[in-house]
Amino acid sequence: MSVFWSEVHEYLPFLLSGAEVTLQLSFISMAGGMILGFLTATGRLSGSRLIRWPLEAYVEIWRDTPLIVQLLLIYFSLPELGIILPAFWAGALGLTLNLSAYLSEVYRAAIQAVDEGQKSAAISLGMSPLQIYRRLIIPQAFVASLPTQGGYFIALLKDCSLVSFISVNELLRHATIVISNTFDSMNTYLMVALIYFIMSFTSARCVSWLERKLTPSRHTKGSVANVMPEAMEGITP
């Protein structure tokens with residue numbers, strides 16, 4: 001134990017380089033998951049069965065199968081179809097598809113929670129459906145779902161450890177390399193746990209700050225009078 005901690009300065013940069021890859025995967029997958037999740041949510045709210053049913057099947061399949069199985073299928077099965085992805089991007093694709101399935105449910109609930117009175121008021125002002133979504137629904141749905149999105153991002157940080165199974169050199173895989181050199185699994189995993197905690201704790205604090213910054217005061221929350229003036233900007237009578 002004392003030997004490991006005396007040489008921590010030698011292994012810490014290597015572990016931190018793995019943590020950097022973990023953060024890169026997390027940010028890329030979160031951005032992709034948010035975009036795809038929102039598109040999936042709006043598609044599932046469509047009145048067309050041809051759009052809604054395939055998206056519902058997609059969500060159920062990706063939510064009801066283990067993430068590790070999805071990653072292995074993408075990395076090892078796609079080459080048989082002629083699609084070869086580097087391990088990093090195969091991991092990012094698997095994490096994005098998995099996360100988007102969960103976020104689509106979050107966004108769908110947030111969109112449906114927007115007050116119908118605000119939508120009616122926007123229509124009476126002559127706003128197009130695209131303007132209603134862009135200026136009224138999306139901002140409110142994003143803020144309402146922000147705490148849940150933050151929770152999924154923190155979970156994503158930890159789920160990134162699964163991509164070590166497809167040879168992505170992220171934090172956990174770097175830890176196994178350190179262990180093979182030091183034969184000290186306990187202290188190495190303690191260091192890895194500490195790094196994960198710092199990343200997750202910092203992310204949680206950032207999400208809390210962003211939520212306080214974007215959430216209206218309690219006495220004005222949900223008020224049409226506070227939302228509609230901003231939504232009306234640029235609308236000609």
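Which ring does the charged end of Arg-205 sit over? The ring belongs to Phe-201, and the charged end lies 4.8 Å from its centre. This structure is a predicted model.

**Aromatic pairs**

Rings also meet other rings here. Searching the whole structure turns up seven aromatic pairs. Among them are the two in this table.

| Aromatic pair | Arrangement | Centre to centre | Angle between planes |
|---|---|---|---|
| Tyr-75 and Phe-76 | edge-to-face | 4.9 Å | 80° |
| Phe-88 and Trp-89 | edge-to-face | 5.1 Å | 85° |

Why does Tyr-75 count as partly exposed? Its relative accessibility is 23%, and the partly exposed class begins where buried, under 20%, ends. Phe-76 has 49% relative accessibility, so Phe-76 counts as partly exposed. The exposed class is for values over 50%. Trp-89, at 46%, is partly exposed as well.

**Around Ser-29**

Now turn to a serine. Ser-29 belongs to helix H2, which covers residues 8–44. Is Ser-29 buried or exposed? Ser-29 has a relative accessible area of 0%, so it is buried.

What does Ser-29 touch, beyond its neighbours within four places in sequence? The contacts are Ala-92, Leu-95, Thr-96, Leu-99 and Leu-156. Leu-93 is another residue to find in the model. Ser-29 and Leu-93 stand 64 residues apart in sequence, yet their C-alpha atoms are 7.3 Å apart in space.

The side chain of Ser-29 has a polar partner too. At 2.8 Å, this side chain reaches the backbone oxygen of Leu-25.

Key:
Residues numbered from 1 in each chain as written. Predicted model: local features only at pLDDT ≥ 70, side-chain atom pairs only at ≥ 80, totals over all residues. Heavy atoms only, no water. Phe/Tyr/Trp six-rings, centres within 6.5 Å; stacked < 30°, edge-to-face > 60°. Buried < 20%, exposed > 50% of the residue type's maximum accessible area, 1.4 Å probe, protein only. Lys NZ or Arg CZ within 6 Å of the ring centre and 35° of its normal. Helix = DSSP H or I, 4+ residues; strand = E, 2+ residues; numbered from the N terminus. Contact = heavy atoms within 4.5 Å. Polar contact = N/O pair within 3.5 Å; in protein donor to acceptor, adjacent residues only side chain to side chain.
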